[in-house]
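Trainee: Got a minute to go through this one with me? I'd like to start with how the helices pack.

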Amino acid sequence: MIGFIYKYIFIIAPFTAWLVAQWLKPVFEYWRTGSWSITSAKGSGGMPSSHSSTMISLTTVLGFAKGIHSELFALALVTSLIVMYDARGVRQAAGSHAAYLNFIKDELNELFGHGLTVEGFKTNLGHTSLQVAVGALLGLIIGSIYGVIFF
């Protein structure tokens, strides 16, 4: 089993970080609202950012395995920063736009009746800075655990 994990550590560590982040989402949702929402575990957005945890865990394991001066570590780090920027900025803006489009749709339905059959857009797409930071911290912890154990 250890040999298998070592052989596929660059897949297993990020997958573990993703899985832990996704399963923590209902816990944070419960703390925030007081009610359980298991469905938040299968969606994007929310606390913590699974995108950040996945990428930072891969970057951390690569740092342990190849060194922080390696080309692979640099590539992973730059890609992680791009993914986290996208999760914080672009995807959150898309969620805000979706909320406004939903508002317009609802207003049009009120004005002209319920003839519009367009479903509402998903609004929880991106992350706040805190959600990205917590996801990155989770990825750093999980990546470090794997790195310390295997390297």
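Trainee: Is the crossing of H2 and H5 left-handed or right-handed?

Mentor: H2 and H5 cross in a right-handed way. Keep in mind that this is a predicted model.

Trainee: OK, and at what angle do H2 and H5 pack?

Mentor: About 145°, with the axes of H2 (residues 9-33) and H5 (residues 129-150) 9 Å apart.

Trainee: Which residues make the contact?

Mentor: On the H2 side you have Ile9, Ile12, Ala13, Thr16, Ala17, Val20, Ala21 and Leu24. H5 brings Leu138, Ile142, Tyr146 and Phe150.

Trainee: How many of the contact residues are nonpolar, polar or charged?

Mentor: Between H2 and H5 the split is 11 nonpolar, 1 polar and no charged.

Trainee: Switching topic: what does the largest nonpolar core consist of?

Mentor: That core has 11 residues, including Ile5, Val61, Ile142 and Tyr146. H2 and H5 each supply at least two of its residues, and the largest share, 5 residues, comes from H2.

Trainee: What about another core?

Mentor: Yep, apart from that one lies a core of 5 residues, among them Ile56, Met84, Ala87 and Ala136.

Trainee: Back to Ile9, what does Ile9 touch?

Mentor: Leaving out residues up to four places away in sequence, Ile9 touches Pro14, Val61, Tyr146, Phe150 and Phe151.

Trainee: Last thing: which residues does the "transmembrane region" annotation cover?

Mentor: The unreviewed UniProt entry puts that annotation on residues 5-24 and 130-149. In the model, residues 5-24 are 95% helix, with end C-alpha atoms 23 Å apart. Residues 130-149 are 100% helix, and there the end C-alpha atoms are 28 Å apart.

Methods. Residues are numbered from 1 along each chain as its sequence is written. This is a predicted model: local features need pLDDT of at least 70, side-chain atom pairs count only at pLDDT 80 or more; totals for chains, interfaces and linings use all residues. Side-chain values use heavy atoms; hydrogens and water are left out. Axes are lines fitted to C-alpha atoms, for helices over the stretch in contact, and angles run from 0 to 180 degrees between N-to-C directions. Helices (H or I, at least four residues) and strands (E, at least two) are DSSP runs, numbered from the N terminus. A crossing is left-handed if the near helix is turned anticlockwise from the far one by less than a right angle, and right-handed if clockwise. Contact means heavy atoms within 4.5 Å. Ala, Val, Leu, Ile, Met, Phe, Trp, Tyr, Cys and Pro count as nonpolar, Asp, Glu, Lys and Arg as charged, and the others, Gly among them, as polar. UniProt positions are given in the numbering used here, feature names are shortened, and annotations may be inferred rather than shown by experiment. A nonpolar core is a set of buried Ala, Val, Leu, Ile, Met, Phe, Trp, Tyr and Cys residues joined through side-chain atoms within 4.5 Å. Buried means under 20% relative accessible area, exposed over 50%, partly exposed in between (1.4 Å probe, protein chains only).
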